[in-house]
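Here is a short note to help you find your way around a structure you have not met before. Please keep the view open as you read, and look up each place as it comes.

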Amino acid sequence: MANISRRDFLKFIGAGGIGAGAGYIYAESVKKTVEFLVPQVIPPEDWSPGVATWYNSLCGQCPAGCGISVRIREGRAKKIEGNPVHPVNQGRLCALGQSGLNALYNPDRIRTPLRLTGARGSGEYEPIDWDEAMTSLGGRLGSMKIQGAADRIHLLTGTVRGHLDLLLARFMEQLGAPTYLQYDYTHPHSLYAANRMVFGVDRLPYYDIRNSDLLLSFGADYLGMWISPVHHSLSYGHLRQGRPGHRGTCVQIEPRMSLSGASADRWIPAPPGTEGLLALAIAEALVDGGGYDGADRADWSAALRPFKASKLAPTIGVDAAVVAELTDAIRRAEHPLAIGGGPAAEGSHGTAAMTAVNVLNHLAGSLGRRGGVLFGADPVVADDWRVRQASYARMMEHAQIMGRGDVDVLLLHGTNPVFNLPQASGYTAALDKVGTIVALSSFMDDTTAMADLILPTNVYLESWGDDVPEPGVGLPLATLSQPVVTRIHDSRSAGDIVLGLAHQIGGELPAELPWTTMEEYIRHSWRQIYSVEAGGTDAGFDEFWKDALRSGVWARNRAEMEAAPTVSPAVLAQAGSAASEFDGAENDYPFVLQPMMTQGFVDGRGANLPWQQELPDPLTSVVFSTWVELNPTTAAELDLEEGDVVEVSSSAGTLAAPVFIYQAIRPDVVAIPIGQGHTRFGRFAEGRGTNPLDLVATVTDESSGALATAATRVTIRKTGERLSLIKTDGVSRDLGRQILGPAKEHA
Amino acid sequence: MSTANTLRDYLKPGYYDEFDYHWAMTIDLDRCTGCSACVVACQAENNLPIVGEKRFSERREIKWLRIERYWQGEYPDIKLRFLPMLCQHCDQAPCETPCPVAATYHNQDGLNTQIYNRCIGTRTCAVYCPYEVRSFNWFTYTWDEPLEQQLNPDVTVREKGVMEKCTFCIQRIRIAKDKAKDDDRRRVRDGEVTPACVQSCPTEAMVFGDSKDPDSKVSQMLNNPRGFKVLEDLNTLPSVVYLQKVEEQGHGHG
Amino acid sequence: MAEYQEPTYAEVNRDVLRTMLVTGPKYWTALGISMTVAVVCFFGPWFYQIHVGVGAAGMNRSAFWGTYLSNFIFWIGLSHSGTLLSAVLHITQSSWRKAIYRSAEAMTLFSLVTAAFFVMVHVGRVWFVHWNFPVPNQMGLWPNFRSPLMFDVMAVTTYLTASSIFIYMGSVPDFAAVRDASTGMRRRLYTIFSFGWRGTQKEWHTLGWAYTFFAVFVIPLAVSVHSIVSWDFAMSIVPSLHQTIFAPYFVCGAIYSGTAGIVSVMFLLRKFLGLERYIREIHLDNLGKLLITLSLIWTYINIMEVFTGWFSGSSFEYEAMKFRMFGFYGPLYWEMLLFCALVPLLMLFGKIRKNWRYMFIISILINIGMLTERFLIVATSQPRKFLPDAFGFYFPSPVEISITVGSFAIFTTLFLVFVKWVPCVSIYEVKETLQPLRKRAT
């Protein structure tokens, strides 16, 4: 070893130390973020490291309105479970609900207010701060109000219920802006219209699947994406194996096997648009066979005569024997129940079809009875939101107004009409005529990308609010939404933004909307609920509020049912023909298109959630794609294999997507899932798949104004290209192996 | 405990079948609708990575619980049957013997466990598993920030080269056992521990519990005459029992 | 054809040592290319794989094992060449082995080393691969001795050790010959290598005894090694793998593959090292006879596999068999049969069997077929296991193909180095086959 002086020695030590220190700092700085699971040594007041806290709140992923329990560790949301005390989902939660964490922590959330710098739709925005955004918007709205032009301010949201809806309504009212619409693709307009027509009620009744022993579903995917899938799944489980010795039967009638169809004991592939006719044929057989003993039997018999099974058989694709079997089953059942939805409700005469289902329920005696259709008491929160739900016809009226240039400011929140309305509607072009588009949104989706000003909103997990689910569970209840984490970006909840705007705008607004935060407003509103329930006093509210925060839900402890309404045979004539009409001549367009919602993507809102993109579709196991479902015979006739790219064309549009051979679809039907094909929606959704809604021709159901998405005919052309579908299924046949049951005894 | 006594214990019949608990699960196929809520629940609870489209197309997805589909018949007499498939925690697991470094073994609760930090990734266990429920980390997967904030701190995040699979949410079992211990050494009560999948199932098709406890719900379900084990003839002695879907007779179709 | 003139003792020394002491540009070129290919095709992609993960290969959730394991088995199989030739034929006192056994033993050793590389390439966390050995560790764990892979580790390390000692020991007199023919550094080195061998009667006696001992020891070792390797598959319950025939099947296949490998290597040695006088037609003929015997056994076993697959009536076996014979890799299956069952039948004809060129081609085809066979075992069984919905597919990635090619380069490199460091023909044993001097004087 050479001689080293002390000076040199210290130099080496120093250099080594600095080197090691620098190395350490460098290593720490490039640590993957997953190494920082417990980040704080001195934690804030409201949590202890290593100890989980649970907050009960409201799920905002679909309109069902389930209650959730969120596990929080170190101020971060780790797991969303169902709220065990919530009557809708009773501790259970669907895949989409659990994926709410992907929405909260989505990497493509809008993190600051944005102002458009380029052309509309260019995606060029600059970040601005909240003060500037609120001042400019508040100022604009205020000055329009003063000038008396407030009617040119329109508000378009998704489904908003509970007190946020009331707040928005009051805000718009005080502003002098009468146009407040809600557009939600999933809203079953035809079902509501039929209920109004037959039962005279504005809200949905409660379908007591749980206590039924024969469930006839006319197209309603009650286990997948119809109204309240988790609640229905709970009910289904009970219907099957919840009553020892008593197993309910499920029959599904639809052109393409849905998730509910897969669980049915009997799946009837009805031709598209004939489900309502089948219901009437069964109703006719029921009355004719003596299964209905109401006083107006003769009138019903006369009204139903055109729907004799033997006459209808060729149209409904079901022969009289089968109708007789189903009728028999209804008569033998103690609690028969018929429900309708999905493609049956989305035909050109969807309301008439749903009316037929309601009529069948009446004749089968299931109205107002356990295991049947139950009519409940008034909800605890005013539910005018239903009036604001805009059908397609209403949206087109609104589009005309926009197209004329009569809308100066359009406020958007939680809705994506650019994606959900068909291209042929011309909605996007009309939207472009709006003076200023302001989006209150968490994500840069297809519609938000048209905005001039974007105010980032809190995701539901960061927001105060409440909800009254519809149709609920037959007893009055209200769910509380509370933030389970502090907001993670510089966003605000929509309610807070509106309250802030009210203060900006001034005039009478601050007095009419005297709250500064949603928390204040919700607490105030629940004080009202409490005092009504407590008979006019609000003593004891603090206890009540604490309980509400702890449990996340309030429900009256007993159901109050109303009597079943009377149903007259005249309703059939009123509803009109239940026979569907289609756009496109059969010769040119030999197939009927069924665009279908899946539970994971709903109307496309789930596409930016990576867990949903990676979740194999329950029926096909496909991920990350749009596919075209064809019956095996149809595919063979057209010389198509899985992965062959086909061009699907209607009179309204064209799309190209790979073929999937689906075993349980009619040969004359083509089904394409809705959800992909976003032009903007974040890294997980963009540039992927195609949107079948662009094929839908603008046929409406006149009774409800709903878009008849199941009334478009299409043709298919082989392009010769191939795109292999990513799916997890290998060979979906059990090849005689002992997989689905015990080993068979050998003879 | 003298050595002699310990050695004598080894010779007692049933010694190797003595479990402290014997966690078991039943899945009622008559209730299961294939909705896949359990799949996402497992992903959320156990820090399963988001592998992305490319890796998915290469068959490299990581799913501890998957739903299998089996079609029966031909259109229009066509039926679809779902089979949620997860680690069966076999009492005679084909995967435990072949691991050269003993990274997978049967613990005293009847669980087939995977020790991530011992695994060197020979993947023999996955080849031997007849149910194909094991997933391998072909790469080290990362999360786009801030998605990693959702990760469950009770569960390790695995790196490349390590095998993983369903653990019956052993982290929840451990927490429940700790709580029981704090409460004066009582046993874990039925219903105190539910894996994420069981907890989320909307139709209540999945039941989990201690099969050594005769009063537990799972013990009752295990006695159900519809019960069967998948690929029973392979004699792996799974701890997951499925209840066969009830087929109604006497239907035509269409 | 000129009449064969037996070499004298001196000529043997000179010819064989010349291969070691005289090195021309062709050698350096060959060595350079082989090393480059090894680095570029094997080590480069391997280090890339260590960096990104085993996902660089083509394996997936329906086929966790791929070419790394099938190549491992192929190379272990190839290693049986030396053992059979060297040990078995020594016991049976076949004189024709003497010229070729040294190179065959070297092939054994280097095949094992290459196979050992594949173990490291195959595992997911190669930096912990030492946990396979019972070394002290902070977890206080032994390896799992019930695991067939653990048997593998033990068997292969034992075999590697025994083969190294075997070849070294048998080379000691030849190292002495090198020592005596060289100067300077080389002389010093070979003095050490030869342990000061003087060629005394006692030393020859001890060597003979020790060598025979090892020959007897190594034979059951070889049989057990490949049986154990086969049990990696046979001890699983995977359909088409879980069969008792696997141990004899693999051992037979190994000897088959190894012997074909010897033919290939001998052809090249003869050509490039000028050893035509030592590696002669009689060797080829006998190797050919060995090959045809093994080929017939191999064919029989394959036919029985198909038969049992069909006869079992088991959907599991049937689907796996169907996929192997008629699935995506069906053409490979028929190619394997062509190269390993049909083409070798040509060796029934003496004319073919005694022709170096034909035999070289046939031996290469046999090994291609055997490589295919190992690949098919891995690639067609795993994607057709028990649950049909989990059926999948496996295709090797470019990294795997490159590493496969690179492994041959590693083997070649090691062999080229061997050729310059150890006499590739056993000088003293060849001399034993020659007529004694006094008889030849006439």
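The points below go from domains to a chain contact and then to some backbone details.

1. A word before you start: this is a predicted model. Please read every value here as computed from that model.

2. Let us begin with chain A and its domains. Chain A is divided into domain 1 (114-184 + 381-464 + 487-541), domain 2 (205-345 + 349-367) and domain 3 (591-722). Note that domain 1 is written as three segments and domain 2 as two, while domain 3 is given as the single run 591-722. Taken over C-alpha atoms, the centres of domain 1 of chain A and domain 2 of chain A are separated by 40 Å.

3. Next, have a look at where chains B and C meet. Chain B brings 37 residues to this contact, and chain C brings 38 residues. On the side of chain B that touches chain C, the elements giving two or more residues are β2 (66-72), α4 (124-128) and β6 (135-136) of chain B. The most comes from α4(B), with four residues. By kind, that side of chain B has 20 nonpolar, seven polar and ten charged residues.

4. Now for the backbone, where a general remark helps: most residues other than glycine have a negative phi, and most peptide bonds are trans. The next points show places that depart from this.

5. Two cis peptide bonds are worth finding. In chain A, the bond from E470(A) to P471(A) is cis, with omega near 5°. You will find P471(A) in the loop between β17 (465-467) and β18 (477-481) of chain A. In chain B, Y75(B) and P76(B) are joined by a cis peptide bond with omega about 0°. P76(B) sits in the loop between β2 and β3 (79-85) of chain B, and β2 is one of the elements named above for the contact with chain C.

6. F624(A) is not a glycine, yet it has a positive phi of about 60°. Look for F624(A) in the loop between α24 (610-613) and β22 (628-630) of chain A. Is F624(A) buried or partly exposed? It has 19 other C-beta atoms within 10 Å, and buried would take 20 or more, so F624(A) is partly exposed.

7. E132(B), also not a glycine, has a positive phi of about 55°. Its place is the loop between α4 and β6 of chain B, two elements that give residues to the side touching chain C. E132(B) counts as buried because it has 23 C-beta neighbours inside 10 Å.

Terms used
Residues numbered from 1 in each chain as written. Chains lettered and ligands numbered in written order. Predicted model: local features only at pLDDT ≥ 70, side-chain atom pairs only at ≥ 80, totals over all residues. Contact = placed C-beta atoms within 7 Å. Nonpolar A, V, L, I, M, F, W, Y, C, P; charged D, E, K, R; others polar. Domains from an automatic or database assignment. Buried ≥ 20, exposed ≤ 12 C-beta atoms within 10 Å, placed from the backbone.
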